[in-house]
Amino acid sequence: MAGNGVLELTSGNFEQEVDNSTTPVLVDLWAAWCGPCRLIGPMVEELAGTYKGKLKVGKLNVDDHPEVAGRFRIMNIPTLLFFKDGREVDRIVGGVPKEELTRRIDTIV
């Protein structure tokens, strides 16, 4: 499901791509059966292009990688996690307008 400059995150590459990233990272936690996830996905992909070079964007399927979802105590999806210097600095649970997502991104880039 990842594309347009969006990384497909897994339990195998999460540490390298997120924990060790010197670039701020937005992680979209989703599942194929989640309707709201399918609604927010295109917005996340669009913003990956908008912030290319300033923000790394990745998607992680919680059904395929439950250990990562458990690490961050994900109870509902979609959940968007914002990382800076390898630490979670913000979180959005559920769908939000593009303007709100852009505002949150602007605070970390």
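Let's start with a pair of side chains: in this predicted model, Lys-59 and Asp-28 are joined by a polar contact of 2.6 Å between their side chains. Lys-59 belongs to strand E3, and with a relative accessible area of 2% the residue is buried. Anything under 20% counts as buried, so this lysine qualifies with its 2%.

Follow the chain out of strand E3, which covers 56-61, and you come to the loop that leads to helix H3 (66-71). Val-62 sits in this loop, and its relative accessibility of 13% makes it another buried residue. Leaving aside residues up to four places away in sequence, Val-62 touches Leu-29, Trp-30, Ala-31, Ala-69 and Ile-77. There is also a pairing to look at across the sequence: Val-62 and Ser-11 are 51 residues apart along the chain, yet their C-alpha atoms are separated by 9.9 Å.

Ser-11 turns up again if you move along to His-65, which is found in the loop between E3 and H3. With residues up to four places away in sequence left out, His-65 touches Leu-9, Thr-10, Ser-11 and Leu-60. Is His-65 buried or exposed? It is buried, because its relative accessible area is 13% and the limit for that label is 20%.

Now return to Ile-77, one of the residues that Val-62 touches. Ile-77 is joined to Pro-78 by a cis peptide bond, with omega at about 0 degrees. This is worth a second look, because most peptide bonds are trans. Pro-78 is placed in the loop between H3 and strand E4, the latter spanning 79-84. Ile-77 also has a partner 42 residues away in sequence, Gly-35, at 9.6 Å from C-alpha to C-alpha. Gly-35 itself is part of helix H2 and, at 28% relative accessibility, is partly exposed.

The loop between H3 and E4 has another backbone feature to show you, for Arg-73 is placed there too. Although it is not a glycine, Arg-73 has a positive phi of about 55 degrees. Asp-85 likewise is no glycine and has a positive phi of about 55 degrees. You will find Asp-85 in the loop between E4 and strand E5 (87-93). Why do such values catch the eye? Most residues other than glycine have a negative phi. As for their surroundings, Arg-73 counts as exposed at 66% relative accessibility, and Asp-85 counts as exposed at 53%.

Finally, go back to helix H2, where Gly-35 is found, and look at how this helix meets another one. Two packed helices are described by the angle between their axes and the distance between the axes. Helix H2 (residues 35-50) and helix H4 (residues 98-108) have axes that come within 11 Å and cross at roughly 40 degrees. That angle makes H2 oblique to H4, and the crossing of the two helices is right-handed. From H2, the contact is made by Met-43, Val-44, Glu-46 and Leu-47, while H4 brings Lys-98, Leu-101, Thr-102 and Ile-105. By character, the residues of this contact between H2 and H4 divide into five nonpolar, one polar and two charged.

Terms used:
Residues numbered from 1 in each chain as written. Predicted model: local features only at pLDDT ≥ 70, side-chain atom pairs only at ≥ 80, totals over all residues. Heavy atoms only, no water. Axes fitted to C-alpha atoms, helices over the stretch in contact; angles between N-to-C directions. Helix = DSSP H or I, 4+ residues; strand = E, 2+ residues; numbered from the N terminus. Parallel < 35°, antiparallel > 145°, perpendicular 65-115°, else oblique. Left-handed = near helix turned anticlockwise from the far one by under 90°. Contact = heavy atoms within 4.5 Å. Nonpolar A, V, L, I, M, F, W, Y, C, P; charged D, E, K, R; others polar. Buried < 20%, exposed > 50% of the residue type's maximum accessible area, 1.4 Å probe, protein only. Polar contact = N/O pair within 3.5 Å; in protein donor to acceptor, adjacent residues only side chain to side chain.
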